[in-house]
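Have the model open in your viewer and the selection panel ready. We will go from stop to stop, with a residue or two to pick at each one.

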Amino acid sequence: MRVHSMFRVSLCAAVLIGAVSLRAPAAPPPPDAPPVILIQNATVLTVTKGTIEHGSVLIKDGKIAEVGAGVKAPSGAQVIDGTGMFVTPGIIDCHSHIAVDGSVNEGSISVSSIANIAEVLDSDDISIYRDLAGGVTTANVLHGSANSIGGQTIVIKLRWGQPAAKLPFEGAMPGIKFALGENPKRSNFSIPGREKRYPASRMGVEETIRAAFTEARDYKNAWDAYNKKVAAGEKNLIPPRRDLRLDPLVEVLEGKRYVHSHCYREDEILMLLRVAKEFGFKVRTLQHVLEGYKVADEIAAAGTGASTFSDWWAYKVEAYDAIPYNAAIMTRRGVLVSINSDDAEEATHLNQEAAKTMHYGGLTHDEALKLVTINPAIQLGIDKRVGSIEVGKDADLVIYNHDPLSAYAVVQKTLIDGRVYFDRQKDIAARADLEKEKKALLEKEKKSSKKDDKKDADAKKPSDKPAEKKPDATKPEEKKKPEDMPMMPSADAATNMSSVTGGAR
């Protein structure tokens, strides 16, 4: 889906406006939401409690207060007419890289657990608005896949117009990104003049992860022993040295941080599950997991989720055995499955990506819708607040003009915490003003360029002044007289100079 929308820009950036056709409204802080909103007379797809025809959803202070067919509008409530519309929970993208300022990879070392996506959130990223226009309300923002153990990850709500500090999903479990296969072993990547980084093989990736967790386990034991002695009242103890690289891995061992691992092949999937069992932690989700259908029973037995593509394959050698039936097969074998984007544009139509599983594998309508709502919510540990339309949950909702799994479905409104963050009608209405502003800015830029060109042309005109006479290069240079030669500084002068320079030599 393409979204034409507003974006304020200074005069110096006018050239960029001419080059880029898709923009979003400048993101002023959204207006305070009415304390009470009623969406009425719509088809409400609750995901977990069935479908309600001619249903209504009552929102109070950002939470779902009532759901049903006979809900009445309280006094003073803002009423949204949902006649002919479909209301669903907000879409949750379990693998996203939006809202990141700069590179998403800290590719210098293979264990970069010190890096943290939360520190580089960019609330002005245009992808936030575009994904809102596709019904996405929550995203798991991941570090890249250049590392066996990558950076720390964060779950955000797409609160367009809010500062970066307001994006994180309050209370969501933090995560960390792992990666297996071609990306972390970097078999097709090198920097001229620099030695290749370890590891360079799949077995090297495995041992890099095992070595890191061996260190983390010893580090944890050292801190546990220290804390035990402190609790027992011992004095004058020296604590273990703090290691920022191992702190997040200790959180994994303690169940306080989720592991999300990029992977493709069945052998590496099984490898990571074995390593996790060896060290006593769980892999929360296998990301991409394109050969998951081959080892679905093992994934299910480990209690690990799978977040996959709908039908991407053969874009590199290790993706050649991927099939579009992957999500359906894993679902049928008892794996908790979600469909993700890994791409800002793909996220704008995740509803349709989920719908493909009805064709490839025969999932039911409700099963397909769960792949982008309640299932990723469970994988991220936020299902008590989002992922379905139930009383008490956050009012993160999407209003479509058709069934969300239809190719004709277009988002009309997207709400987060009971606030409308995307409104298609307002977006359309603003396009004429945007085009007018864009033309005005381009015209100013053009005039400014003409003035600059004129200045340059004037500077190049021949001067009316007679040309200065150049010294005769053939004339020998006059020898300097002794009195013209530079003199050595006196002792006093040297002393003064020394005080100015701090005595440097």
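Is N326 buried or exposed? This is a predicted model, and in it N326 counts as buried, at 1% relative accessibility.

**Stop 1: N326 and its surroundings**

Select N326, which lies in helix α8. Now add T308: the side chains of N326 and T308 are joined by a polar contact of 3.2 Å. To see what else surrounds N326, leave out the neighbours within four places in sequence; the contacts of N326 are then H288, V289, L290, G292, Y293 and T308.

**Stop 2: a tyrosine pair**

Next, select Y360, which counts as partly exposed at 25% relative accessibility. Add Y325, also partly exposed, at 40% relative accessibility. Y325 and Y360 form an edge-to-face aromatic pair, with 5.6 Å from centre to centre and 85 degrees between the planes. Y325 sits in the loop between β12 (305-308) and α8 (326-332), while Y360 is in the loop between α9 (350-359) and α10 (365-370). The pair thus links distant parts of the chain, 35 residues apart.

**Stop 3: the whole chain**

Zoom out for a moment and colour by secondary structure. The protein chain has 13 helices and 16 strands. Of its 505 residues, 46% count as buried. Try a contact map too: among contacts with a separation of 6 or more, 68% are between residues 24 or more positions apart.

**Stop 4: phenylalanines in the core**

Which residues touch the most other members of the largest nonpolar core? Select F213 and F281: they hold that place in this core of 87 residues. Helix α6 supplies the largest share of the core, seven residues.

Stay with F281 and show its contacts. Apart from neighbours within four places in sequence, F281 is in contact with F178, F213, V252, L253, V259, V275 and A276. A second, separate core has 15 residues, including I37, A42, I64 and L415.

Now show the rings of F178, F213, F279 and F281, which form one aromatic cluster. How many aromatic pairs does the count come to? The count comes to nine aromatic pairs. One of them is F213 with F279, a tilted pair at 5.9 Å centre to centre and 40 degrees between the planes. F213 lies in helix α4 (residues 202-231) and F279 in helix α6 (residues 266-279), so this pair ties together parts that are 66 residues apart in sequence. Both partners are shielded by the definition of buried: F213 has 0% relative accessibility, and F279 has a relative accessible area of 9%.

**Stop 5: a charge over a ring**

For another aromatic ring, select F169 and K157. The charged end of K157 sits over the ring of F169, 4.9 Å from its centre.

**Stop 6: the loop between β1 and β2**

Move on to T46, in the loop between β1 (36-45) and β2 (51-60). T46 counts as buried, at 1% relative accessibility. Display G50 as well: its backbone oxygen lies 2.5 Å from a polar atom of the T46 side chain. With neighbours within four places in sequence set aside, T46 is in contact with I52, V67, P89, S388 and I389.

V47 is in the loop between β1 and β2 too. V47 counts as buried, at 11% relative accessibility. Check its backbone: V47 is not a glycine, although it has a positive phi of about 80 degrees.

**Stop 7: more backbone to inspect**

Most residues other than glycine have a negative phi, and most peptide bonds are trans. Compare that with D61, another non-glycine with a positive phi, here about 50 degrees. D61 lies in the loop between β2 and β3 (63-68). Is D61 buried or exposed? D61 counts as exposed, at 66% relative accessibility.

Then select Y198 and P199. The peptide bond from Y198 to P199 is cis, with omega near 5 degrees. P199 is placed in the loop between α3 (182-185) and α4.

**Last stop: cysteines**

How many disulfides does the structure hold? The structure holds zero disulfides. Finish by selecting C94 and C263: C94 is buried, with a relative accessible area of 0%, and C263 is buried, with a relative accessible area of 0% as well.

How values were computed: Residues numbered from 1 in each chain as written. Predicted model: local features only at pLDDT ≥ 70, side-chain atom pairs only at ≥ 80, totals over all residues. Heavy atoms only, no water. Phe/Tyr/Trp six-rings, centres within 6.5 Å; stacked < 30°, edge-to-face > 60°. Helix = DSSP H or I, 4+ residues; strand = E, 2+ residues; numbered from the N terminus. Buried < 20%, exposed > 50% of the residue type's maximum accessible area, 1.4 Å probe, protein only. Lys NZ or Arg CZ within 6 Å of the ring centre and 35° of its normal. Polar contact = N/O pair within 3.5 Å; in protein donor to acceptor, adjacent residues only side chain to side chain. Contact = heavy atoms within 4.5 Å. Core = buried A, V, L, I, M, F, W, Y, C linked by side-chain atoms within 4.5 Å. Disulfide = S-S within 2.5 Å.
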